[in-house]
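User: Hi! I'm new to reading protein structures, and I'd like to go through this one step by step. Could you help me?

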Amino acid sequence: MERLILDADTWLLVLTGAGVSAESGIATFRGMGGLWENHPVEDVASPQGFIKDPLLVWRFYSERRAAAASVQPNPGHHALADWERHLGNRFLLATQNVDGLHLSAGSQRVVEMHGNLFKSRCTHCEREPFADTTVYATGTLPLCGQCGEMLRPHIVWFGEYLEPADLERIESFVHTALDHGGKLVFLSAGTSGAVYPAAGLVNKVTAAGGDTWSVNLEAAENSHRFKHFVQGKSGEVLPALADLR
Ligand code: BJW
Ligand code: ZN
């Protein structure tokens, strides 16, 4: 297997998707066939879906909270935390996953691009998003303790904008790497490369002259845009991939 060299010049930006948590026992979106109980994911993960049926959406997220609370990070998560300990500020992990498993594995420089399953926010007042691990009973609509309006999961749904500060953190990492004359590397793992803006990061790094790696169980929609493609399970490939110098 080709090795990814992580030396003193390397600046590594990692993007992860649902595939990285698959070996921990969390179903991927593709694995579910894009469906949850026969509802297209877009119906339970969009603002329109929430307006139409908030109880259904809360049931979807409560079920996912319960599932994510009972699993552990796998060797793929741990490998990324090791790489971060080696590279320090020359490492950034952008994850599309909302399960919090990278944080449990010890990763610290993490941008949760699509939010966090264990946070909620108010649909109405200015209250900050807050930690919420509650698995709400079916038929319960959680309300804001401050204003009495409906709460919603702190998740970036289809058609919603990602937090500008999160996107800026990723862009600024790339620019800092270039400013330092460093060797910029982008590695994407366990993602179908179908959802933007995450799927477009490979183009940005390529345009900036960086090296690009994809680790995925099967060829992803954007695999042809990467210089290196390593096919396999991230929990097996990642721990063996890097050559830490
Ligand atoms: C393994 C493995 C193992 C399995 N090891 N590998 C540009 C072009 C076209 C469309 C757009 C565009 N820009 C924006 C859009 C619209 C939209 C979009 O991208 N649509 C596409 C479907 C075309 N994007 C948005 O709406 C985003 N917002 C935005 O851009 O705002 C501006 C805007 C506003 C108004 C209108 C238009 C634009 C927001 C996207 C938010 C996505 N949210 C979700 C759901 C919420 C999170 C949640 O509840 O969990 O996030 S969608 C869902 O997909 C989830 C995931 O994070 C995301 C990505 O999925 P991922 O991680 O890739 O999972 P899978 O299952 O698809 O793939 C798993 C892969 O792993 C597979 O390849 C397997 O082979 C592999 N695998 N086991 C390694 N063990
Ligand atoms: Zn409120």
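User: How much area is buried between domain 1 and domain 2, and what share of it do carbon and sulfur atoms give?

Analyst: Happy to help, and please keep in mind that this is a predicted model. The size of an interface is often given as the accessible area lost when the parts come together. For domain 1 and domain 2 that area is about 330 Å², and the share from carbon and sulfur atoms is 65%.

User: Which three residues supply 69% of the area that domain 1 buries against domain 2?

Analyst: The contact takes four residues from domain 1 and four residues from domain 2. On the domain 1 side, no other three residues supply more of the buried area than Ile26, Val98 and His114.

User: How many salt bridges does the rule find across the interface of domain 1 and domain 2?

Analyst: Let's start with polar contacts: counting residue pairs with both at pLDDT 80 or more, the rule finds zero across this interface. For salt bridges between domain 1 and domain 2, the number is also zero.

User: Is histidine 114 buried or exposed?

Analyst: Histidine 114 sits in the loop between β6 (110–112) and β7 (115–122). Beyond its neighbours within four places in sequence, it is in contact with several residues, including Thr95, Val98, His154 and Leu162. Its relative accessible area is 13%. The cut-off for buried is under 20%, so histidine 114 is buried.

User: Which element gives the most residues to the largest nonpolar core?

Analyst: In soluble globular proteins, nonpolar side chains tend to be buried together. Here the largest nonpolar core has 23 residues, and Trp58, Tyr61, Leu117, Leu151 and Trp157 have the most contacts inside it. At least two residues each come from α2 (41–44), α4 (54–69), β7 and β9 (151–155). With six residues, the top contributor is α4.

User: From which domains does this core draw at least three residues each?

Analyst: The domain assignment splits the chain into domain 1 (4–26 + 73–114 + 162–244) and domain 2 (35–70 + 119–155). Their C-alpha centres lie 28 Å apart. The core takes at least three residues from each of them, that is, from domain 1 and domain 2.

User: How far apart in space are histidine 78 and valine 57?

Analyst: Histidine 78 lies in helix α5 (residues 75–87). In sequence, histidine 78 and valine 57 are 21 residues apart. In space, C-alpha to C-alpha, the distance between them is 31 Å.

User: Which residue meets glutamate 84 in a salt bridge?

Analyst: A search of the whole structure finds 10 salt bridges. Glutamate 84, in helix α5, has a partner 25 residues away, in the loop between α6 (101–104) and β6. Glutamate 84 counts as buried at 4% relative accessibility, whereas its partner counts as partly exposed at 25%. The side chains meet at 2.9 Å, N to O, and the partner is arginine 109.

User: Why does the salt bridge of glutamate 171 and lysine 204 tie together parts of the chain, and how many residues apart are they?

Analyst: The closest N and O atoms of this pair are 2.4 Å apart. Both ends are partly exposed, with relative accessible areas of 33% for glutamate 171 and 48% for lysine 204. Glutamate 171 lies in helix α7 (residues 164–179) and lysine 204 in helix α8 (residues 201–207), so the parts tied together are separated in sequence by 33 residues.

Key. Residues are numbered from 1 along each chain as its sequence is written. Chains are lettered from A and ligands numbered from 1 in the order in which they are written. This is a predicted model: local features need pLDDT of at least 70, side-chain atom pairs count only at pLDDT 80 or more; totals for chains, interfaces and linings use all residues. Side-chain values use heavy atoms; hydrogens and water are left out. Helices (H or I, at least four residues) and strands (E, at least two) are DSSP runs, numbered from the N terminus. Buried means under 20% relative accessible area, exposed over 50%, partly exposed in between (1.4 Å probe, protein chains only). Contact means heavy atoms within 4.5 Å. A nonpolar core is a set of buried Ala, Val, Leu, Ile, Met, Phe, Trp, Tyr and Cys residues joined through side-chain atoms within 4.5 Å. Domain bounds come from an automatic or database domain assignment. Buried area is the accessible area (1.4 Å probe) that two parts lose on being put together, summed over both. A salt bridge is a side-chain nitrogen of Lys or Arg within 4 Å of a carboxyl oxygen of Asp or Glu. A polar contact is a pair of N or O atoms within 3.5 Å; within protein, one must be able to donate a hydrogen and the other to accept it, and residues adjacent in sequence count only if both atoms are side-chain atoms.
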